[in-house]
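These are my notebook entries from reading one structure, written down in the order in which I looked things up. I begin with a pair of packed helices and work outwards from there.

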Amino acid sequence: MDLSQAQSGLSLGFHSHSSSNPIPLQLLDQREENLVEKDENQAEEEENFSILGHPMCIKRQRDGQSSSSSSSSPNPPKRVAVEPGLECRRAMVRGWGNQSLPVADPEIHEIMEKEKQRQVKGIELIASENFVCRAVMEALGSHLTNKYSEGLPGARYYTGNQYIDQIESLCCSRALAAFGLDPEKWGVNVQPYSCTSANFAVYTGLLLPGDRIMGLDSPSGGHLSHGYYTSGGKKVSASSIFFESLPYKVNLQTGYIDYDKMEDKAMDFRPKILICGGSSYPREWDYARFRQVADKIGAVLMCDMAHISGLVAAKESASPFDYCDIVTSTTHKSLRGPRGGIIFYRKGPKSRKQNMLLSHGDGSVHYDFEERINFAVHPSLQGGPHNNHIAALAVALKQVATPDYKAYMQQVKKNAQALASALLRRKCKLVTGGTDNHLLLWDLTTLGLAGSVYISLLLLYAFVYICTCLYSLRTNILPQSVMYMVVCVEIM
């Protein structure tokens, strides 16, 4: 098959063992009409080489020869018809690729529009949710979802990632800048799919199966990924399945963390990772006290700041970075980014004398978190990163560093405090008596109501909350006995 009509004048073929003539590669050119001519006697130059063990040759026209000379050859060229229906198939592919969502899938589009109207017309007061900007949604729904990019910038498993590397590197630098961190002392991984994934990556990178962790009890305001198991001993999350956990709790009368009992438990249990931070704790955390306890027991101090990371970035909440070795967070709550997770870790020389159990007695004066955590994220736990998410996160983090974002977070705190004051004036009981951040807990047990009943009433008025369980003086869990509310909308 001759490629004399192609502009390059090249053909590519496999040598057959039974024939000395190569089988050339057919190139389909959209500009060709219906016929391709071949001159069997056309003189050609051959370059022989092999690919994957198969002998190959490139057939090149000799200088001075043209396609017109082949037409005057004694042997007339063969005329081969292009496969019928090719243009039809091409048109079908173009049509499929360019269809909008309402055309391609009207059923899904209709449901999405209903959800959009629900979000617009209702009042969303769920701590795990926020409203992202248009730029974040555009990045999240972009062509970046097409690229596979396993690995880290500069060390990918796939080629063609030069621009993906630029995006991820920019996202990392913006993450450090958003929290005022020195890149010589802190590193960051922006690939985790969620904060739960981020937390488990930390455990996987730094611990062995069966090692001990300690975090705030889930009914006290902690998170399942900190090692929660039920009173009956059922292990709820992977962190409690693969690692041994013992929680500390809040004071049953005040709702505040009992730091003295936390220290006593830690001294007895000796966890390798001590975790501060939670999902429904409305007060500031005493990071200095946690640091003191961690140093006493030789543990790594980790903070899960998923719910308050926006406040920390805006300096409207105490920063865990001054005391913790590792800090994790979601990216979609108060940070107003896409749904995902992020891990910050110390690197370089240790700033204080720490007798960490993880050093295995090697006496190292440098942190070794970077390689271990990055390897745990990939390839240990995840595949390719979601490049569209990372780009959207970079957009959100750029906004976090602006004065407008700080003003937004200040207003969020004012909203939460105003709501708390209004409820207290109406004799409602709040856990801890108020809030220091963007969320508050309304105890419904004094009203004799279950949260599931009360939330049904609120939904009639388009209020969206979440109910959680509450510790009781009898240490039993009362299902859905607390209205768990967050104010992340700017109500002036």
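**Entry 1: two helices that pack**

I am working with a predicted model, and I first looked up how helix 6 and helix 13 lie against each other. Two packed helices are described by the angle between their axes and the distance between the axes. For helix 6 (residues 162–178) and helix 13 (residues 387–400) I noted an angle of about 35° and axes 9 Å apart. The crossing of helix 6 past helix 13 is left-handed. On the helix 6 side the contact is made by Ile164, Ile167, Glu168, Cys171, Arg174, Ala175 and Ala178, while the residues from helix 13 include Ile390, Leu393, Ala394, Leu397 and Lys398. Sorted by class, this contact has 12 nonpolar, three charged and one polar residue. An α-helix has 3.6 residues a turn, so residues three or four places apart point the same way.

**Entry 2: the seven-stranded sheet**

In what order do the strands of the open sheet follow one another? I wrote the order down as 10-16-15-14-13-11-12, seven strands in all, with mixed pairing. Strand 10 (186–189) and strand 12 (244–245) are the edge strands, and each of them pairs on one side only. At one edge, strand 12 pairs with strand 11 (residues 212–214) in the parallel sense over two bridges, and Ile213 has Ser245 of strand 12 as its bridge partner.

I then followed strand 15 to its neighbours. Strand 14 and strand 15 run parallel and are joined by three bridges, with Thr328 of strand 15 as the bridge partner of Asp304. Strand 15 and strand 16, by contrast, run antiparallel and are joined by five bridges, and there Ser329 is partnered by Ile342 of strand 16.

**Entry 3: is strand 15 buried or exposed?**

Is strand 15 buried or exposed? Five of its five residues are buried, so strand 15 is largely enclosed by the rest of the structure. I checked both faces and found Ile326, Thr328 and Thr330 buried on one side, with Val327 and Ser329 buried on the other.

**Entry 4: helices lying across the sheet**

Helix 6, the helix of my first entry, also lies across strand 10 and strand 16 (341–346), and runs at about 130° to strand 10. Helix 10 (residues 287–297) lies across strand 13 (273–276) and strand 14 (300–304), running at about 170° to strand 13. I listed the buried residues of helix 10 as Tyr287, Arg289, Phe290, Arg291, Val293, Ala294 and Ile297, a list that has two arginines in it. These buried residues pack against helix 9, strand 13 and strand 14. After helix 10 comes Gly298, which has a positive phi near 70°.

**Entry 5: the nonpolar cores**

Which residues have the most contacts inside the largest nonpolar core? They are Phe179, Tyr248, Leu274 and Phe344, in a core of 52 residues. I looked more closely at Leu274, and, leaving aside residues up to four places away in sequence, I found that Leu274 touches residues including Phe290, Val293 and Ala294, as well as Met214, Tyr248 and Met262. There is also a second, separate core of 21 residues, and Ala201, Leu207, Ile213 and Tyr345 are among them.

**Entry 6: backbone angles I stopped at**

Most residues other than glycine have a negative phi, and most peptide bonds are trans. I therefore looked for departures from this general pattern. Arg270 has a positive phi, near 55°, and sits in the loop between helix 9 (259–269) and strand 13. Its relative accessibility is 39%, so Arg270 counts as partly exposed. Lys315 also has a positive phi, near 60°, and is found in the loop between helix 11 (309–313) and strand 15. Lys315 is exposed, since its relative accessible area of 63% is over the 50% cut-off. The peptide bond from His378 to Pro379 is cis, with omega near 15°, and Pro379 has its place in helix 12 (residues 369–381).

**Entry 7: the chain as a whole**

Last, I noted the totals for the protein chain. It comes to 15 helices and 21 strands, and 46% of its 492 residues count as buried. Among contacts with a separation of 6 or more, 67% are between residues 24 or more positions apart.

Notes. Residues numbered from 1 in each chain as written. Predicted model: local features only at pLDDT ≥ 70, side-chain atom pairs only at ≥ 80, totals over all residues. Heavy atoms only, no water. Axes fitted to C-alpha atoms, helices over the stretch in contact; angles between N-to-C directions. Helix = DSSP H or I, 4+ residues; strand = E, 2+ residues; numbered from the N terminus. Left-handed = near helix turned anticlockwise from the far one by under 90°. Contact = heavy atoms within 4.5 Å. Nonpolar A, V, L, I, M, F, W, Y, C, P; charged D, E, K, R; others polar. Pairing = 2+ DSSP bridges. Buried < 20%, exposed > 50% of the residue type's maximum accessible area, 1.4 Å probe, protein only. Core = buried A, V, L, I, M, F, W, Y, C linked by side-chain atoms within 4.5 Å.
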